[in-house]
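Open your viewer, show side chains as sticks, and keep the selection box handy. We will go through some charged pairs one stop at a time.

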Amino acid sequence: MEQADYKQLNGIALAYIGDAAYEVFIRQHLLASGLGKPNRLHHLATHYVSAKAQASLIDLMKEDDFLTEEEWEYFKRGRNAKSYTHAKNTSPLTYRMSTGFEAMMGYLQLSGQHDRLAEVSAWCIKQVEEGRTKHEK
């Protein structure tokens, strides 16, 4: 499969793939937990993937000094990108923070850092399950 050059992509494009990459980890985690009803799966997934949860995870990553300098650069690329869509049910700042989160995940995916992507995703899952994040209903 042909790979996009992550260095040339804007923050929104990185967020596009990062959203999908992170969502796969969350769905696999929920299925591995023995859940099987789609409505329940979707409801639980929002605790991990909502804009508010992702923005909260970014705050925790900063607090815990969890990301590398390069990962922060890609977060900022996504956060600062001009988006032509607007936030649904959340503030513009929260939406921008979650776009940055997804862009950073997209960078990990497209740069082939699959072990790091898995590590970051597992860390995020742990934070949500320990109740360290805020999430939208």
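**A tour of the salt bridges**

Across the whole structure, a search turns up 6 salt bridges. Keep in mind as you click around that this is a predicted model.

**Stop one: helix α1.** Select residues 11–32 to bring up helix α1, then pick out E23 and R27. Their side chains meet in a salt bridge, with N to O at 2.9 Å. The two residues sit 4 apart in the helix, so about one helical turn separates them. Now switch on the surface: is E23 buried or exposed? E23 counts as buried, at 18% relative accessibility, whereas R27 is exposed at 53%.

**Stop two: helix α6.** Next, select residues 114–129, which make up helix α6, and highlight R116 and E119. A salt bridge links this pair, and the closest N and O atoms are 3.1 Å apart. Here the partners are 3 residues apart, and again about one helical turn lies between them. R116 is buried, with a relative accessible area of 15%, while E119 is partly exposed at 42%.

**Stop three: K126 and E130.** Select K126 and E130 and look at their side chains, which meet in a salt bridge of 3.7 Å, N to O. K126 has a relative accessible area of 47% and is partly exposed; E130, at 49%, also counts as partly exposed.

**Last stop: a network.** Finally, select E63, D64 and R132 together. Which residues do shared salt-bridge partners join into one network? These three: E63, D64 and R132 are connected by salt bridges that share partners.

Notes: Residues are numbered from 1 along each chain as its sequence is written. This is a predicted model: local features need pLDDT of at least 70, side-chain atom pairs count only at pLDDT 80 or more; totals for chains, interfaces and linings use all residues. Side-chain values use heavy atoms; hydrogens and water are left out. A salt bridge is a side-chain nitrogen of Lys or Arg within 4 Å of a carboxyl oxygen of Asp or Glu. Buried means under 20% relative accessible area, exposed over 50%, partly exposed in between (1.4 Å probe, protein chains only).
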